[in-house]
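Colleague: Thanks for making time today. Could you walk me through this one, a question at a time?

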Amino acid sequence: MTKNEVLTTTITLSIDNGSSHVKVIYDHLDCSFIFPNVLAQPFGERFLLMEQGDPLDFLDVQITSPAIESDQYRHVYVGNLAIGDEGILHEIVGDKAVQKKAQRPETMVTLLTAAAYAIAKQHEDAIKRGKKRIKAAVNLGTGLPIREITKFRDEFARKITGGVHSVTFVTTPVFKGITVEMEFTLPTDISIDDVSGVYDLEATSKSHLSHKGFGIADVGGVDMDIAFFRPGLDLDQRHSTGAKIYLNDALESIRNEVNAQGEELLASTAELTLMLVNKEYEIYAEGKVVFDMTSLINKHMRILAEKVLKFARSSWKHVRYANEFWFIGGGAVVLQPWIEKINAELGLPIRFDTAEHSQFRNVRGTFLMLDHALQHADEVAAGTDAKGVSENGSGQD
């Protein structure tokens, strides 16, 4: 095989396109990665001292796709590379947060970039041997918020499956100059965010949710999806709902107040989110604390926790069979201390997912459902072939 030949491959992957971070699993549950949902339009050329580093930290991509119409999204920095860049920054805050996830161009940009990175990572050895082009058939699992699933599912699916999408890594180390062409199929259609997370909770935790009636909220950077399940993991479509909570906007307010001190101490809400997940409330510069965010964070997060709990309780009070209520998602990890403090006075049977798994519940559940569907498709195909052999004797003419 010469270096210039196209490598053809197939990949199975799930993507949870969260408002703060994009989470991805490919091939099997242990192959995962995460990056901030931040884009930047490059300003000038990227200055390189050396072509080294983790490719995930330097996602510089050129995209050609029938799903992306605007030129401003053709060449972008994605994730960590976009944070702190001098170009025009795109985060899911303000007007972007008001838009539907299915209709934001950022959603398709990060989805295509994440898929292309997973494919390149899968074939890193071939790339190091000189392979430059990869054509991939992608079995994709991904989802939308409950509030969008009915109205926007078909539109979103058409964007994903409607043609060939091409991603070229521009200055990304290891993958520089690599082009990945992708055609997508959706074996499990578009999933419902939150519902997917329940399947992973049941499959991997000791909660035994299938024996219970319960509610669950997936708290994200913009949306909060609330679903209720009767015993047997029977989704209650009548009472399941969603709301916009704008956690990212609250974080942006904190960031602006911090940066009003006269320095760019926080580059993005994604950076602040990571600090809150890790319970880091002090900002260091030159080896010393230059700003303590504790009181500022307490003020904003208390207000938001009250809002989240109010949404949850207003839905829960009408569902008599739900004996407990769960919180999952990155936003739940951020807000857990304040929700628990409020609930100390209320005494409600509220449960929180483990911090290490909470952000990945949806993408893990989506991958499990996708993998299950593909395995059963193979079984059906094998059964059909066996039937053909049985009816035709040897199966040969």
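**Strands, helices and spaces**

Modeller: Happy to! Let's begin with a pair of facing residues: Asp60 stands opposite Tyr77 in S6. Please keep in mind that this is a predicted model.

Colleague: Good to know. Which residue of S4 is the bridge partner of Tyr77 in S6?

Modeller: Strand S6 covers residues 75-78, and it pairs with strand S4, residues 38-41, in the antiparallel sense over two bridges. On the S5 side, Tyr77 faces Asp60. On the S4 side, the bridge partner of Tyr77 is Ala40.

Colleague: And how many bridges join S5 to S6?

Modeller: Strand S5 spans residues 59-64 and runs antiparallel to S6. Asp60 and Tyr77 stand opposite each other here. The number of bridges joining S5 to S6 is four.

Colleague: Let's move to another pair, S16 and S17. Which residue in the turn of that hairpin has a positive phi?

Modeller: Strand S16 (residues 282-285) and strand S17 (residues 288-292) pair in the antiparallel sense over four bridges, with Tyr284 opposite Val289. Two residues sit between the strands of this hairpin. The one in the turn with a positive phi, about 55°, is Glu286.

Colleague: Now the helices. Are H6 and H7 roughly parallel or roughly perpendicular to each other?

Modeller: Helix H6 takes in residues 247-259, and its axis lies 9 Å from that of H7. The two pack at an angle of about 95°. Angles of 65 to 115 degrees count as roughly perpendicular, so H6 and H7 are roughly perpendicular.

Colleague: Which residues of H7 make that contact?

Modeller: H6 brings Asn248, Leu251, Glu252, Ile254 and Arg255 to the contact. By class, the contact has four nonpolar, three polar and two charged residues. From H7 come Thr269, Leu272, Thr273 and Leu276.

Colleague: H7 also seems worth following into the pockets. Which element gives the most to the lining of the second largest pocket?

Modeller: About 200 Å³ of space lies in that pocket, and among its 14 lining residues, His21, Ile34, Pro36, Asn80 and Leu274 lie nearest the centre. Strand S3 (32-36) and helix H7 (269-277) each supply at least two residues of the lining. With four residues, the element that gives the most is H7.

Colleague: Turning to the largest pocket, how many charged residues are in its lining?

Modeller: This pocket holds about 320 Å³ of space. It is lined by 13 residues, and the closest to its centre are Ile149, Arg153, Ile192, Val195 and Leu235. Helix H4 (146-161), strand S11 (190-192) and helix H5 (195-204) each give two or more residues to the lining, and H4 gives the most, with four. Seven of the lining residues are nonpolar and five are polar, and the number that are charged is one.

Colleague: What about enclosed space: which class has 14 residues in the lining of the largest cavity?

Modeller: A search of the whole structure finds one cavity of 30 Å³ or more, and the largest cavity has a volume of about 320 Å³. Its lining has 26 residues, with Gly18, Ser19, Lys23, Gly220 and Gly221 nearest the centre. Five lining residues are nonpolar and seven are charged, while the class with 14 is polar.

Colleague: Last one! Which element gives the most to the lining of that cavity?

Modeller: Five elements each supply at least two residues: strands S1 (7-17), S2 (21-26), S12 (214-219) and S13 (223-230), and helix H9 (330-346). Giving the most, with three residues, is H9.

Methods: Residues numbered from 1 in each chain as written. Predicted model: local features only at pLDDT ≥ 70, side-chain atom pairs only at ≥ 80, totals over all residues. Heavy atoms only, no water. 1 Å grid on protein atoms, 1.4 Å probe; cavity = no way out; pocket = protein on both sides within 12 Å on 5 of 7 lines; lining within 4 Å. Points joined across faces, edges and corners; volume = space filled by probe spheres on them. Nonpolar A, V, L, I, M, F, W, Y, C, P; charged D, E, K, R; others polar. Pairing = 2+ DSSP bridges. Axes fitted to C-alpha atoms, helices over the stretch in contact; angles between N-to-C directions. Parallel < 35°, antiparallel > 145°, perpendicular 65-115°, else oblique. Contact = heavy atoms within 4.5 Å.
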